[in-house]
Amino acid sequence: MLSPVHLLNIARVVMEEGTWGMTSGDNVAGLELACVWIAEGLMIVGGSIYMARGGLTSYICCPDCTVWFKDPTKTMSYEMPEDLDKVVHDLKGLNLKTLHHLTPLTGQKPASLEFDIFFCPACSTFGCFDLQTVELIQKKKKVETKKAKLIDRLLLPKEGLADLLK
Ligand SMILES: [Zn+2]
């Protein structure tokens, strides 16, 4: 036969288990929430990568200091070279010296070449570059600029970078 004291003990154990169960539930909920946050974080990162590839956004994240930036540190404009394919090939091979053979753009031309270089504003060691053609198209009353990427965010190596840019 159960004594009132024993019943009280059982009730306390059930209550404690219940409390423990609820705490455990909360922990699970907390974990799930953390997972949702991680998933959302990944989606944002994934979305950014996807958008960067699609050319819709131009944000870059420095992997060293996780600083986001989008503006080119330097933009250089050149006359459209006759051997564009070779220039693109050279730049894809990180032969940046090929830029010295290009003629800097003077005035406005119907077609030109733009070289954008991006360096992390925080550490200045992480960098990449873009190469794009710039076309000026005369519309009825205004001139439209049409850009087409030839090289999209090619990573610049940290080692020997100064030599590459000489
Ligand atoms: Zn950085």
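Biologist: Happy to look at this with you! In what order do the strands of the open sheet of four run?

Modeller: Keep in mind that this is a predicted model. The open sheet has four strands, and their pairing is antiparallel. From one strand to the next, the twist averages 20°. The order is 3-4-5-6.

Biologist: Which strands stand at the edges of that sheet?

Modeller: An edge strand has a single partner strand, so one side of it is left without a neighbour in the sheet. That applies to residues 74-79 and to residues 143-156. The edges are therefore strand 3 and strand 6.

Biologist: Good, let's go to one pair. What is the bridge partner of Tyr78 in strand 4?

Modeller: Strand 4 covers residues 111-119 and runs antiparallel to strand 3. Six bridges join these two strands. For Tyr78, the bridge partner in strand 4 is Leu113.

Biologist: And which residues does Leu113 touch, leaving aside those up to four places away in sequence?

Modeller: Its bridge partner Tyr78 is one of the residues that Leu113 touches. Given in full, the residues touched by Leu113 are Tyr78, Met80, Pro81, Leu102 and Thr133.

Biologist: Nice. Which element gives the most residues to the largest nonpolar core?

Modeller: This core has 10 residues in all, including Leu113, Phe115, Phe129 and Leu131. Two elements give two or more residues to the core, namely strand 4 and strand 5. With four residues, the element that gives the most is strand 4.

Biologist: At about what angle does helix 2 run to strand 6?

Modeller: Helix 2 spans residues 84-92. This helix lies across strand 5 (127-138) and strand 6. Its angle to strand 6 is about 35°.

Biologist: Does Gln138 count as buried or exposed?

Modeller: Gln138 lies in strand 5. A residue is exposed if 12 or fewer other C-beta atoms lie within 10 Å of its own. Gln138 has 9 such neighbours, so the residue counts as exposed.

Biologist: How far apart in space are Gln138 and Pro110, C-alpha to C-alpha?

Modeller: In sequence, these two residues are 28 residues apart. In space, the C-alpha to C-alpha distance is 8.9 Å.

Biologist: Last one, for the whole protein: what pattern do its helices and strands follow along the sequence?

Modeller: There are three helices and six strands to place. Of the 166 residues, 9% count as buried. Read along the sequence, the pattern is α-β-β-β-α-β-β-β-α.

Conventions: Residues numbered from 1 in each chain as written. Predicted model: local features only at pLDDT ≥ 70, side-chain atom pairs only at ≥ 80, totals over all residues. Buried ≥ 20, exposed ≤ 12 C-beta atoms within 10 Å, placed from the backbone. Pairing = 2+ DSSP bridges. Axes fitted to C-alpha atoms, helices over the stretch in contact; angles between N-to-C directions. Contact = placed C-beta atoms within 7 Å. Core = buried A, V, L, I, M, F, W, Y, C linked by C-beta atoms within 7 Å.
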